[in-house]
Amino acid sequence: MIRVRLAGSIRRAIEQAQAAGDLPPVDVGEIPLERPSRKEHGDWSSGVALAMAKAARMKPREVAERIVAELGAPEHVARIEIAGPGFINFFLTHAWLANLVAGVEAAGDAWGRSEAPEPQRIQVEFVSANPTGPMHVGNARWASVGDAIAALLGATGHEVEREYYVNDHGRQVELFGRSLAARYLQRFGREAEMPEGGYQGHYVQALAEDLAAEAGDRLLDAPAAEREAFFREEGLRRTVADIRATLDAFGVRYDVWFSERSLHESGAVTAAVDRLREAGHVYEHEGAVWLRTTELGDDKDRVVLRSNGAPTYLAADVAYWIDKRGRGFDRVIYLWGSDHHGDVPRVRAAIQLLGDDPDAAEFIIGQFVHLTRGGETVRMSKRTGEAVTFDELLEEVGRDAARYHFLRQGIDSTMDFDLDLVVRQSQENPVYYVQYAHARICSILRYAEEQGVALRPVSEVALEELQHESELDLLRKIAELPEVVEVAARQRAPHRLTRYAEDLAALFHAFYRDCRVVSEDESLTQARLHLCRAARISLRNVLVLLGVSAPERM
RNA sequence: GCCCCCGUAGCUCAGUGGAUAGAGCACCGGCCUCCGGAGCCGGUGGCAGAGGUUCGAGUCCUCUCGGGGGCACCA
């Protein structure tokens, strides 16, 4: 990449200046090189002279001058300027920018993707909503973000698997089964009380009705355990199927649906505790088995086996971790809601106590969706069933607008979400702005074809005729894509892509305003059609990473 | 009480320690004889507060205030 070459040129220039005695032999570290926010400051800018000035005991501008003196004329650089307090600004040649069009076309779907210096096998586990009811809008945020992060990692050269951890074991599942069974009995006019803290939502009611139709009256007088087992198992099966269907409709495809129960049934959980025990990291106290997480900074030790012998969630997490690592992942990413951030040090400690590398686990903590409806806060509880469901959201807002909405914001801050407002604004959703730009490009390409303009191979086209400021602005933005993807992936920040997409769309619209594409000038027409294609490829590739469609008409 | 996240324009949010802090929505005013007006151009308006580090702070550190989340033998 041009960035790397420029950084290398700067480094060599500094070394030469130092060798010649023009600059003192101070260590410069990594060469800072950034894209200035203002284009008057060039395509690339380095503040290296400012950073060096103090150690060199020289004025920053003077340092910059001596570096520039040794810099000569790097390839593809039209001119170099020293500006402001001592920035060294690089302006790329128009030819380099225009030629990018050929590179973009050649790369096609791969444009924007890159190779990782050290490719890893990475698993991303996300959503993993409890299978005791429908998903809500909070889950939709993580579905959007997790899928996009996985896509970004894949686009930067890693091998990625998406996984959903199905919590099909434990008290909530039992409670779910008993709630269904109670509804079933009530359905047939029997006296039955909902279990304490049971699932009140109409989802459970409706599911119980369905299952009642299936089971008929044969379980009415069966032993409670048998009845509850039926409803628990069938309820789980159907709810997991519903969750899968929703995520499928949302365009999220998991490679693995991993059952928590399988860890208990295979003995993996017991084995995990045994392994910790053998390593001397657990002890018994008041009938329970505790893990010494305080050894690694936790404020208190944590129970892994309760006094009734049942393993805790942490014990299952340890077993799950061992399983994941056994599958050969170099890195395991957990996308968790902030309600679980307190569990991070415990799982991390457990990993370390297992003797594994805690840095192989990465916890991405996302803040909540604060759901309101007409200004009133709505709690997203499966038990009460009040929440706005994921399906309702999809129905009312649509997949593209919903995804884009969730991805537009960083994950570190709480997202305010008023369904009424989002539905009302869905027509104003910036996703349409971006999609419109894409459709418009497609329309222009169709128009050219209708006019009988045959697109010539890019190698035969005079790309250097792309000289208009709007053309160059668009080219510069297109050129940024690989870097944007790389940064978004590294920072686990898909929202950078939505910002980029909007910038790119805006610059395309500006280009459209200023430059007639299909004109009498055949040579310029060809160049501009190819620029349109490059813009289209860039837009489409970003939208693919976001999981949003790139319509040819709308 | 302790820990984590957040506080930027009227609203929802961007902003890898750099130069004049940006979008969308809302509001006001403009723009097609021509490839898509779901567009374009212009305007109003902002870093919660106080210290500190730095050549340079919206960004890093400390404290205050405000909002959210956690601190289980729950999942």
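**Ser-128 and the surface near RNA strand B**

In this predicted model, Ser-128 touches Tyr-164, Tyr-165 and Asn-167, leaving aside residues up to four places away in sequence. Ser-128 itself sits in the loop that runs between β4 (121-125) and α5 (137-155). Its relative accessibility comes to just 12%, so Ser-128 counts as buried, the cut-off being under 20%. One of the residues it touches, Tyr-165, also has its backbone nitrogen 3.0 Å from a polar atom of the Ser-128 side chain.

Now for the RNA. Strand B is surrounded by 65 residues, and the closest of them are Lys-54, Arg-306, His-340, Asp-412 and Arg-440. Sorted by type, the residues of this surface split into 25 charged, 21 polar and 19 nonpolar. Several helices and strands chip in with at least two residues each, among them α2 (48-56), β3 (87-92), α6 (171-187) and α18 (495-514). The largest share belongs to α16, with nine residues; this helix spans 430-450.

Which parts of the RNA face the protein? Looking at the atoms of RNA strand B within 4 Å of the protein, 63% are from sugar or phosphate, and the rest are from bases. A few individual contacts put some detail on this picture. On the phosphate side, an N or O atom in the side chain of Ser-443 is 2.7 Å from a phosphate oxygen of the strand. The side chain of Gln-409 has an N or O atom 3.2 Å from a sugar or linking oxygen. The bases get a contact too: a base oxygen of RNA strand B lies 3.1 Å from a backbone N or O atom of Val-518.

Notes: Residues numbered from 1 in each chain as written. Chains lettered and ligands numbered in written order. Predicted model: local features only at pLDDT ≥ 70, side-chain atom pairs only at ≥ 80, totals over all residues. Heavy atoms only, no water. Helix = DSSP H or I, 4+ residues; strand = E, 2+ residues; numbered from the N terminus. Buried < 20%, exposed > 50% of the residue type's maximum accessible area, 1.4 Å probe, protein only. Polar contact = N/O pair within 3.5 Å; in protein donor to acceptor, adjacent residues only side chain to side chain. Contact = heavy atoms within 4.5 Å. Near = heavy atom within 4 Å. Nonpolar A, V, L, I, M, F, W, Y, C, P; charged D, E, K, R; others polar.
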